[in-house]
Amino acid sequence: MKISNYIFLILGIILTTSFGYKNARTEPKKKDKPNVLFIAIDDLNDWIGVLGGHPQAKTPHMDRLAQRGVLFSNAHCQAPVCNPSRASVMTSLYPSTSGIYFLNPDIVESPVASRNIVMPKRFQKEGYNVSAAGKIFHNGKGINETHIPNYAGQFGGFGPMPEQKISTYPGHPLWDWGVYPERDDQMPDYQIASWAAQKLTEKLDQPFWMGVGFYRPHVPQFAPQKWFDMYPLKSLQLPKTITGDLDDISPYGTDLSRLKHVSPTFEWVTENEQWKPLVQSYLACVSFVDDQVGRVLDALDEGAYGDNTYVVLFSDHGFHLGEKERFAKRSLWEDGARVPMIIMGPDIPKGQVIHKPVQLLDIYPTLLELCNLKPDPKHEGNSLVPLLKNMDAEWPHYARTCFGPGNYSIVSEQYRYIQYNDGSEEFYDHKNDPQEWYNVIGKPEYAEVIGKHRIQVPMNRHHILGNGSTGHESYEATERENK
């Protein structure tokens, strides 16, 4: 071998070895596990800008989140009450399976639900740093502390409360509305957002699951003056309603949404000229909580985790502001069951709106798949990842809401079917009747599609657990009244 060729051979070995070593050192490491930012809002209906539930609603930050991710415009809770809805989210079980239908009991008291590992504990088991503040599970002594590692507290919960009621409504102390307190930083939700913003600046050696649970717009509907100034009473629009909206509803259906409820009646609100003040206070609270969502999102963007975090925002159920001649939640109609739901994060399409029916109990299996974790065969929800990948994917599923065993609404892309425990029914065609003003259950042209919805009603129904809450009393009073 010539000396020159020998030299080139030696150089080639050296260079190959050198570059091989360098490439080995700089080979991209395995992608970090994604984080989860889990934002729960209490009693928020579709009165946000991107859902168009109220034409004057101002929610720039939730709208911004929807533009950066996927908005599910046809999402529904599994029970129109805080405790069962949140229990369903955290276990991915229907109330009909768990027996948790009303404001009690907790998950640990359900023989079925207690066998499911709740979402925060599952993520902790998978090596996640888990923490939360505010209302994630239903409020109650030690409930959030039981289910959430590193729970930071309620920060005042539904407070602060004035010494005397602001409104003239003589009922439940939480049912109050008006300007209070003076400053945002006196509100628990502001403090919860501050906690979350601070946590998002911390350096963690593990991926995180962080729960941020906001209390507004749940009653009492209090917010500082500046939020009320956004909605002057003089120009404020009331929800669209019609006279005689309940004429085609069965006595059972009417009683279920009224008997033993603690919210003001439609008659009291109108006689005392409080409809506009209630709408104003609700919208003020919505804009206030939207601002807190914005503060959390800004902190996420400004920190180190924005590129590798899935954000899920949802409400536990809807809320009536005069529609169907009622106020508050606890109904199987659109205003009680439909909720905002937005998912944003790595590889999630931006600005898409999915109209297929989805459920809150789908969130848990969805997050497991997004985070590359094994599915839980006990979950009754469906992962939404197929829809996140292709909004036109085949989706045979319906959404189901219940208010006690025997009372169900079943929702498809165009229709809502309601069946009550006495056998009475309702059916609404959202294409022609988005406000659900006209019950078309008896019209022959809908017979076939009604049948497809009717078979979605579950035959197996766990008996009611717990006792004594407003929901228990309402259900029992309705059953007695309609024997």
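**Exercise 1. How many strands form the open sheet, and in what order?**

Before starting, note that this is a predicted model, in which local features need pLDDT of at least 70, side-chain atom pairs count only at pLDDT 80 or more, and totals for chains, interfaces and linings use all residues. Residues are numbered from 1 along each chain as its sequence is written, and side-chain values use heavy atoms, with hydrogens and water left out.

Step 1. Helices (H or I, at least four residues) and strands (E, at least two) are DSSP runs, numbered from the N terminus. Two strands pair if DSSP finds at least two bridges between them.

Step 2. The open sheet has 7 strands in the order 4-6-1-8-12-2-13, with mixed pairing.

Step 3. Strand 4 (129-134) and strand 13 (352-354) each have a single partner strand, so they stand at the edges and one side of each is left without a neighbour in the sheet.

Step 4. On average, neighbouring strands of this sheet are turned by 15 degrees against each other, direction ignored. Axes are lines fitted to C-alpha atoms, for helices over the stretch in contact, and angles run from 0 to 180 degrees between N-to-C directions.

Step 5. At one end of the order, strand 2 (residues 70-72) and strand 13 run parallel and are joined by 3 bridges. V70 has Q352 in strand 13 as its bridge partner.

**Exercise 2. State which strands helix 3 and helix 13 touch.**

Step 1. Contact means heavy atoms within 4.5 Å.

Step 2. Helix 3 (residues 82-91) packs on the sheet and touches strand 1, strand 6 (208-214) and strand 8 (309-315). The direction of helix 3 makes about 165 degrees with that of strand 1.

Step 3. Helix 13 (residues 363-370) also packs on the sheet, touching strand 1, strand 8 and strand 12 (341-344). The direction of helix 13 makes about 175 degrees with that of strand 8.

**Exercise 3. Classify the crossing of helix 7 and helix 11.**

Step 1. The axes of helix 7 (residues 188-199) and helix 11 (residues 275-302) come within 9 Å and cross at roughly 10 degrees.

Step 2. Angles under 35 degrees count as roughly parallel, over 145 as roughly antiparallel, 65 to 115 as roughly perpendicular and the rest as oblique. Helix 7 is therefore roughly parallel to helix 11.

Step 3. Helix 7 contributes D189, Y190, A193, S194, A196 and A197 to the contact, and helix 11 contributes F288, V289, Q292, R295, V296 and A299.

Step 4. Sorted by class, the contact has 8 nonpolar, 2 polar and 2 charged residues. Here Ala, Val, Leu, Ile, Met, Phe, Trp, Tyr, Cys and Pro count as nonpolar, Asp, Glu, Lys and Arg as charged, and the others, Gly among them, as polar.

**Exercise 4. Trace the strands from 15 to 18.**

Step 1. Strand 15 (residues 399-402) and strand 16 (residues 408-411) run antiparallel, joined by 4 bridges. C402 stands opposite Y408. The two strands form a hairpin with 5 residues between them, and G404 in the turn has a positive phi of about 85 degrees.

Step 2. Strand 16 and strand 17 also pair in the antiparallel sense, over 4 bridges, and their hairpin has 3 residues. I410 stands opposite Y417 in strand 17.

Step 3. Strand 17 and strand 18 run antiparallel and are joined by 5 bridges. R416 has Y428 in strand 18 as its bridge partner. This hairpin has 5 residues between the strands, and G423 takes a positive phi near 95 degrees.

Step 4. Buried means under 20% relative accessible area, exposed over 50%, partly exposed in between (1.4 Å probe, protein chains only). In strand 17, Y415, Y417 and Q419 point one way, R416 and I418 point the other way, and all are buried.

**Exercise 5. Describe three salt bridges and the parts they link.**

Step 1. Side chains of opposite charge can pair when their charged atoms come close. A salt bridge is a side-chain nitrogen of Lys or Arg within 4 Å of a carboxyl oxygen of Asp or Glu. By this rule the model has 18 salt bridges.

Step 2. K329 and D43 form one of them (3.2 Å, N to O). These two residues are 286 residues apart. K329 is buried at 9% relative accessible area, and D43 is buried at 0%.

Step 3. D46 and R338 form another (2.8 Å, N to O). D46 lies in the loop between strand 1 and helix 2, and R338 in strand 11 (residues 338-339), 292 residues apart. Both are buried.

Step 4. E436 and R416 meet at 2.7 Å, N to O. E436 lies in the loop between strand 18 (425-429) and helix 15 (447-454) and R416 in strand 17 (residues 415-419), so the pair ties together parts 20 residues apart in sequence.

Step 5. Salt bridges with shared partners join D46, E334, R338, R416 and E436 into one network.
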